[in-house]
Amino acid sequence: MDGCAQLCKCFLILFNILFALVGLALVSLGMWLRFGADTRGFFDIDLKTAQFTIGVAVLVVTGALMLLVAIIGDCGACNHSKSALGVFSGLLSILIMIEISAGVMAFMMSGKVSEEVANFYATIYAQYLNTRSPGQAMTLKLFHNAFGCCGIGGPIEVFVRDTCPEGNIFQQLTFPSCPSEIQDMFKSSAPMVLGGFLGTAGIMLVALVCSSILYKSLSSPEYSTPSYY
């Protein structure tokens, strides 16, 4: 192999190691969200949480698919397997299209998603006032710590103050209302999310080009597999 093919081989190995680590992290996150003691309340609450359940399932499936693609890619790069590189290129092409589509959809639907999350929070808040369920309290704490907010009243919140983030008196008086904070954060983060998706797709595209270069190099007449005696 020439220098370019060797460089592509090294890049593919490094890329697939990082890709596998990200996939493993997604699977671990999905399993933690589904079975973790701190997040089990999402599934115990009497709500239509189909979107949340689907989201967790998508995390696990996406992570498992990334692990599979990374393993196939590493096998193709390390063993100089044309068939493995071909499968890797096909799967990576599909993932790139999904990545770009998901980024564009997330950007375009950020307003709708923020409203649904804010409504989801408001429903949990209302139910917690009536039941004082530990699962609902844990869910409210997750929202409050993630978004740095406190209830619906914000600085004048009195009903769920026990689930709000800890801090001194000044900090507690500056906590914003959660529904408005959730919507503002989703809308302000939409361009960053789109950039993250497109940036990831760009790196995956470089890996796809490297895979094609390595595949072509292995197909050239100058390359021959060493003979074993």
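**Note on a predicted helical model: rings, cores, a pocket and two loop residues**

1. Phe-120, Tyr-121, Tyr-125, Phe-143, Phe-147 and Phe-186 are linked into a cluster by ring pairs. The model is a predicted one, and the remarks below should be read with that in mind. The count of aromatic pairs comes to seven. One of them joins Tyr-121 and Tyr-125, and this pair is tilted, with 6.3 Å centre to centre and 35° between the planes. An angle of 35° is called tilted because stacked applies to planes under 30 degrees apart and edge-to-face to planes over 60.

2. The two tyrosines of that pair share an element: Tyr-121 and Tyr-125 lie in helix H5 (residues 110-131), four residues apart, or about one turn of the helix. Both Tyr-121 and Tyr-125 are buried.

3. The largest nonpolar core has 25 residues. Those that touch the most other members are Leu-12, Phe-15, Phe-19, Phe-88, Leu-92, Met-204 and Leu-214. At least two residues of this core come from each of H1, helix H3 (50-79), helix H4 (82-108) and H8. A second core, separate from this one, consists of 14 residues, including Phe-120, Tyr-128, Leu-140 and Val-160. Phe-120 is thus listed both in this second core and in the ring cluster of point 1. As general background, nonpolar side chains in soluble globular proteins tend to be buried together.

4. Phe-19 deserves a separate look. Leaving aside residues up to four places away in sequence, Phe-19 touches Met-66, Val-69, Ala-70, Leu-95 and Met-204. Phe-19 and Met-204 are both among the core residues that touch the most other members, and both also line the second largest pocket.

5. Which residues line the second largest pocket? They are Phe-11, Leu-14, Phe-15, Leu-18, Phe-19, Val-22, Met-66, Thr-200, Ile-203 and Met-204. Two or more of the lining residues are given by each of helix H1 (3-35) and helix H8 (178-219). H1 has the largest share, with six residues. The space in this pocket is about 160 Å³. By class, nine lining residues are nonpolar, one is polar and none is charged.

6. Is Gly-23 buried or exposed? Gly-23, which is placed in helix H1, counts as buried because its relative accessible area is 0%, where the limit for buried is under 20%. Beyond residues up to four places away in sequence, Gly-23 touches Gly-63, Met-66 and Leu-67. Met-66 also appears among the contacts of Phe-19 and in the pocket lining. Gly-23 and Val-60 are 37 residues apart in sequence, with 8.5 Å between their C-alpha atoms.

7. Two loop residues should be checked for backbone geometry. In general, most residues other than glycine have a negative phi. His-80, in the loop between H3 and H4, has a positive phi near 55°. His-80 counts as partly exposed because its relative accessible area is 24%, a value between the limits of 20% and 50%.

8. Arg-132 is the other case: its phi is positive, near 55°. Arg-132 sits in the loop between H5 and helix H6 (134-147). With a relative accessibility of 40%, Arg-132 is also partly exposed.

Notes. Residues are numbered from 1 along each chain as its sequence is written. This is a predicted model: local features need pLDDT of at least 70, side-chain atom pairs count only at pLDDT 80 or more; totals for chains, interfaces and linings use all residues. Side-chain values use heavy atoms; hydrogens and water are left out. On a 1 Å grid over the protein atoms alone, a cavity is a set of points where a 1.4 Å probe fits but cannot get out, and a pocket is an open set with protein on both sides within 12 Å along at least five of seven lines; lining residues have an atom within 4 Å of a point. Grid points are joined across faces, edges and corners, and a volume is the space filled by probe spheres set on the points. Ala, Val, Leu, Ile, Met, Phe, Trp, Tyr, Cys and Pro count as nonpolar, Asp, Glu, Lys and Arg as charged, and the others, Gly among them, as polar. A nonpolar core is a set of buried Ala, Val, Leu, Ile, Met, Phe, Trp, Tyr and Cys residues joined through side-chain atoms within 4.5 Å. Buried means under 20% relative accessible area, exposed over 50%, partly exposed in between (1.4 Å probe, protein chains only). Contact means heavy atoms within 4.5 Å. Rings of Phe, Tyr and Trp (its six-membered ring) pair if their centres lie within 6.5 Å; planes under 30 degrees apart count as stacked, over 60 as edge-to-face and the rest as tilted.
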